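Here are my notes on the model you sent round. I went through it point by point, so skip to whatever you need.

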Amino acid sequence: MVRGPCWDCIVNCVLHNNSGPRHVIRIDEPGKNDVAVVGGKGANLRELTRAGIPVPPGFVVTANAYSELLGATGIRDTIASHLSILDVDDAPSLNAAAAEIKRLISEAPMPADIAAAISDAYQALGEGPVAVRSSATAEDLAEASFAGQQESYLNVEAADVVRVVQEVWASLFEPRAIFYRAKNGFDDMQVGIAVVVQKMVQSHCSGVMFTIHPVTNNRSQIVIEAVYGLGEAIVSGMVTPDSYVVDKTTGSMLDCEVVPQEQEMIRNPRARAPEERNLWQPIDWSRRAKQKLSDEEATELAALGSQVEEHFGCPQDIEWAYSGGVFYIVQARAVTTVNH
């Protein structure tokens, strides 16, 4: 088997010896977590890694790379021109402008140095599928909620990584994202986007966790929502999750609501096209109505959530995955609906 370059080679040859803006930064690499470079999600994941929280290994394609694409291909001014005459309250015009801007970015020729940096970093990470997620430079901030406005892609294979990074860049101009920025005073051309690429966790179950009760604002309780399979099932709203309420101090289960689940999203091992990379499969009758997490597992996960909250110093909205007996944190951001 031909091996890709090691991580140290990536650092020495691609990152530190490059006199221009950096295109790739490892999640576990020492250095400043500059949101303007790695975006909100990327900065938070790097902080979690430094704190010893289990985070899937990966790298960040920086916002500098996105900016270089716009400049090198000459499409920055074209995008700005489309936006300057746009009335975001006119839905047809908004949708048309968004589609055209996304096309411009998706079809722009990727600069060779950026493509090489991404490919080398992927090879250094090791073979196998990865998750590719947006990390906007105004994302996951306490004063804004950009969650869900850009695209995420699961189980991306080697041949598609560079192209999918470009698709994530394009998703910065989804109609809902343009509308949100316009209504909240963010300049479209000043908001950059980084991209987080991580080893894919083929989760037995996954979900979200709030280190404050999202309904009652009770800071002594942690609420966990869990589904079988990949987390896209809960994000998409296709599956109603189990819900567990755990006492933050004692770790005891205060409430448990189990919802039977008939199907789960998993990696498609026989996918022939990118759009077939994930599939829904029926869940065996023997486990459909069981708790996704045992009481002990929920307590363990809640303790991990408390560590994340303690590190950031405020209540957290966390995405997690569970595989091989290990809980992984794949995203954490401040809860924006409470006073900290």
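The points below go from the overall make-up to strands, cores, a helix, salt bridges and cysteines.

1. First, the status of the thing: this is a predicted model, so please read every value below as computed from predicted coordinates. The protein chain has 340 residues, and 50% of them are buried. DSSP gives 10 helices and 13 strands. If you count contacts with a separation of 6 or more, 68% of them are between residues 24 or more positions apart.

2. Strand β7 is a good place to start looking. This strand covers residues 221-228, and 7 of its 8 residues are buried, so the rest of the structure largely encloses it. β7 is paired with β6 (residues 205-210) in an antiparallel arrangement, through 6 bridges. If you want a register check, Val227 in β7 sits opposite Ser206. β7 also runs antiparallel to β8, again with 6 bridges. For that pairing, look at Glu225, whose bridge partner in β8 is Ser243.

3. Now the packing. As a general matter, nonpolar side chains in soluble globular proteins tend to be buried together. Here the largest nonpolar core has 45 residues, and the members touching the most others are Val61, Ile79, Ile105, Val132, Val165, Trp169 and Phe173. Helix α6 supplies the largest share of this core, with 7 residues. To see how one of these hubs is placed, pick Val61: beyond its neighbours within four places in sequence, its contacts are His23, Ile118, Val165, Trp169, Ala194, Val195 and Val197. A separate core of 31 residues lies apart from that one, and its members include Val38, Ala194, Val308 and Trp320.

4. Helix α6 deserves a point of its own. Does the geometry look regular, or what span should we expect from 14 residues at 1.5 Å a residue? The expected span is 20 Å, and the end C-alpha atoms of α6 are 20 Å apart, so the two agree. On burial, the residues of α6 that count are Ile114, Ala115, Ala117, Ile118, Ala121, Tyr122, Ala124 and Leu125. Just after the helix comes Gly126, with a positive phi near 110°.

5. On to charges. Side chains of opposite charge can pair when their charged atoms come close. The model has 15 salt bridges by the 4 Å nitrogen-to-oxygen rule. One of them joins the side chains of Asp242 and Lys292, with N to O at 2.8 Å. The two partners are 50 residues apart and connect distant parts of the chain, Asp242 being in strand β8 (residues 242-247) and Lys292 in the loop between β11 (278-282) and α10 (295-312). Are the partners buried or exposed? Asp242 is buried, at 0% relative accessible area, and Lys292 is buried too, at 3%.

6. Glu309 and Lys248 make another salt bridge, with the closest N and O atoms 3.0 Å apart. This pair also links distant parts of the chain, from helix α10 (Glu309) to the loop between β8 and β9 (Lys248), 61 residues apart. Glu309 has a relative accessible area of 16% and is buried, whereas Lys248, at 23%, is partly exposed.

7. The Arg287 to Glu264 salt bridge has its closest N and O atoms 2.6 Å apart. Arg287 is in the loop between β11 and α10 and Glu264 is in strand β10 (residues 263-267), so this pair ties together parts 23 residues apart in sequence. Glu264 is buried, with 4% relative accessible area, while Arg287 is partly exposed at 21%. Elsewhere, Glu100, Arg103 and Glu107 form a network of salt bridges.

8. Last, the cysteines. How many disulfides does the structure hold? The count is 0. Of the cysteines you may want to look up, Cys256 is partly exposed, with a relative accessible area of 30%, and Cys314 is buried, at 14%.

Note on methods: Residues are numbered from 1 along each chain as its sequence is written. This is a predicted model: local features need pLDDT of at least 70, side-chain atom pairs count only at pLDDT 80 or more; totals for chains, interfaces and linings use all residues. Side-chain values use heavy atoms; hydrogens and water are left out. Helices (H or I, at least four residues) and strands (E, at least two) are DSSP runs, numbered from the N terminus. Buried means under 20% relative accessible area, exposed over 50%, partly exposed in between (1.4 Å probe, protein chains only). Two strands pair if DSSP finds at least two bridges between them. A nonpolar core is a set of buried Ala, Val, Leu, Ile, Met, Phe, Trp, Tyr and Cys residues joined through side-chain atoms within 4.5 Å. Contact means heavy atoms within 4.5 Å. A disulfide is a pair of cysteine sulfur atoms within 2.5 Å. The expected span of a helix is 1.5 Å times one less than its number of residues.
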